[in-house]
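Let's take a walk through this protein together, starting with one residue and working outward. Have the 3D view open so that you can follow along.

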Amino acid sequence: MTDPGLPLLFLDVDGPLIPFGAPPPGGYPTYPGPGAGPSGNPLVARVDPGLGPRLLALPCQLVWATTWLADADACLAPRLGLPRLPYVDWPDTDLPGDGSTLHAQLHWKTSTLVAWAAGRRFVWVDDEITPADRRWVEANSPAAALLHRVDPRVGLTEADFTTVDTWLRAP
């Protein structure tokens, strides 16, 4: 899982793993498991434990790309059956750049993820990816990247896994 030849998969939590927004009729599905009890975070019950094996089956190195930081390992990894994962430690600085309109439209994670990838191919799974992020990554990442936007109302779906898996397995 830490093979430097594998592409990276930067995984956001809120949206891809924890659906939010306008709930479907009947509310969000919930799942029993670690961290979902009365003493835990009530949103954790929305995390489908079945996503863990699906994530582990992808040919990549998983990396938390979330404001949960190390808490993602503590709260979510046991629920998903994931090992400890590295996480992106976000800088406390503004976006680098030239003050252009494009830079003002970038997601605050974008440039940090490209730097963290350090020339490796990567997938970024998030619910806040915009066309500006795609253009910036295309112009600034030395390696191929897939920026995959997930619908935050439903989280990761079969179609999302198919898209990501296909891209990761492409030469």
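**A guided walk through the fold**

Leu-69 is a good place to begin: with a relative accessible area of 28%, this residue is partly exposed. You will find Leu-69 in the loop between β2 (61-64) and α2 (71-80). Its backbone is worth a look, as Leu-69 has a positive phi of about 50° without being a glycine. Most residues other than glycine have a negative phi. Ala-118 is another non-glycine residue with a positive phi, near 50°. Ala-118 sits in the loop between α4 (110-117) and β3 (122-126), and its relative accessibility of 63% makes it count as exposed. A glycine with a positive phi can be seen as well: Gly-81, just after α2, has a phi of about 75°. Please keep in mind throughout that this is a predicted model.

Now step back to the whole chain. The protein has six helices and four strands, and along the sequence they follow the pattern β-α-β-α-α-α-β-α-β-α. Of the 171 residues in the protein, 43% are buried. Among contacts between residues at least 6 apart in sequence, 64% join residues at least 24 apart. The accessible surface comes to about 8,500 Å², and carbon and sulfur atoms account for 58% of that surface.

What lies inside? In soluble globular proteins, nonpolar side chains tend to be buried together. Here the largest nonpolar core has 29 residues, and those with the most contacts inside it are Leu-9, Leu-17, Trp-64, Leu-76 and Leu-156. At least two residues of this core come from each of β1 (8-11), α1 (51-56), β2, α2, β3 and α6. Apart from this core lies another one of 17 residues, which includes Leu-113, Ala-117, Ala-132 and Trp-136. To see how one core residue is surrounded, select Leu-9: leaving aside residues up to four places away in sequence, its contacts include Leu-58, Leu-62, Val-63, Val-123, Val-125, Val-164 and Leu-168.

Two helices are useful for looking at burial. In α2, the buried residues are Ala-72, Asp-73, Leu-76, Ala-77, Arg-79 and Leu-80, and their cover includes α1 and β2. In α5 (residues 131-140), Ala-132, Asp-133, Trp-136 and Val-137 are buried. These four lie on the same side of α5, because they cover an arc of only 125° around the axis. An α-helix has 3.6 residues a turn, so residues three or four places apart point the same way. The face of α5 turned away from its buried side carries Pro-131, Glu-138 and Ala-139, which are exposed.

Charged residues come next. Side chains of opposite charge can pair when their charged atoms come close. How many salt bridges does the structure hold? There are six. One of them joins Asp-12 to Lys-109, with the closest N and O atoms 3.1 Å apart. Asp-12 lies in the loop between β1 and α1, and Lys-109 in the loop between α3 (101-105) and α4, so this pair ties together parts that are 97 residues apart in sequence. Asp-12 and Lys-109 are both buried, and they are linked with Asp-126 in a network of salt bridges.

Another salt bridge brings together the side chains of Arg-54 and Glu-158, at 2.8 Å from N to O. This pair also links distant parts of the chain, with Arg-54 in helix α1 and Glu-158 in helix α6, 104 residues apart. Arg-54 is partly exposed, at a relative accessible area of 32%. A further salt bridge stays within one helix: Arg-169 pairs with Asp-165, their closest N and O atoms being 2.8 Å apart. Both lie in α6, four residues from each other, which is about one turn of the helix. Arg-169 is exposed, with a relative accessible area of 53%, while Asp-165 is partly exposed at 22%.

Let's finish with Asp-160, which lies in helix α6 (residues 158-169). Asp-160 is buried yet has no salt bridge. Why does Asp-160 not form one with Arg-149, its nearest side chain of opposite charge? The two are 8.8 Å apart, whereas a salt bridge needs a side-chain nitrogen within 4 Å of a carboxyl oxygen. Not counting residues up to four places away in sequence, Asp-160 touches His-148, Arg-149, Val-150 and Gly-155.

Key. Residues are numbered from 1 along each chain as its sequence is written. This is a predicted model: local features need pLDDT of at least 70, side-chain atom pairs count only at pLDDT 80 or more; totals for chains, interfaces and linings use all residues. Side-chain values use heavy atoms; hydrogens and water are left out. Buried means under 20% relative accessible area, exposed over 50%, partly exposed in between (1.4 Å probe, protein chains only). Lys and Arg count as positive and Asp and Glu as negative; His and the chain ends are not counted. Contact means heavy atoms within 4.5 Å. The arc is that of the directions from the helix axis to the C-beta atoms. A nonpolar core is a set of buried Ala, Val, Leu, Ile, Met, Phe, Trp, Tyr and Cys residues joined through side-chain atoms within 4.5 Å. Accessible areas come from the Shrake-Rupley method with a 1.4 Å probe; for residues, only the protein chains shown count as cover.
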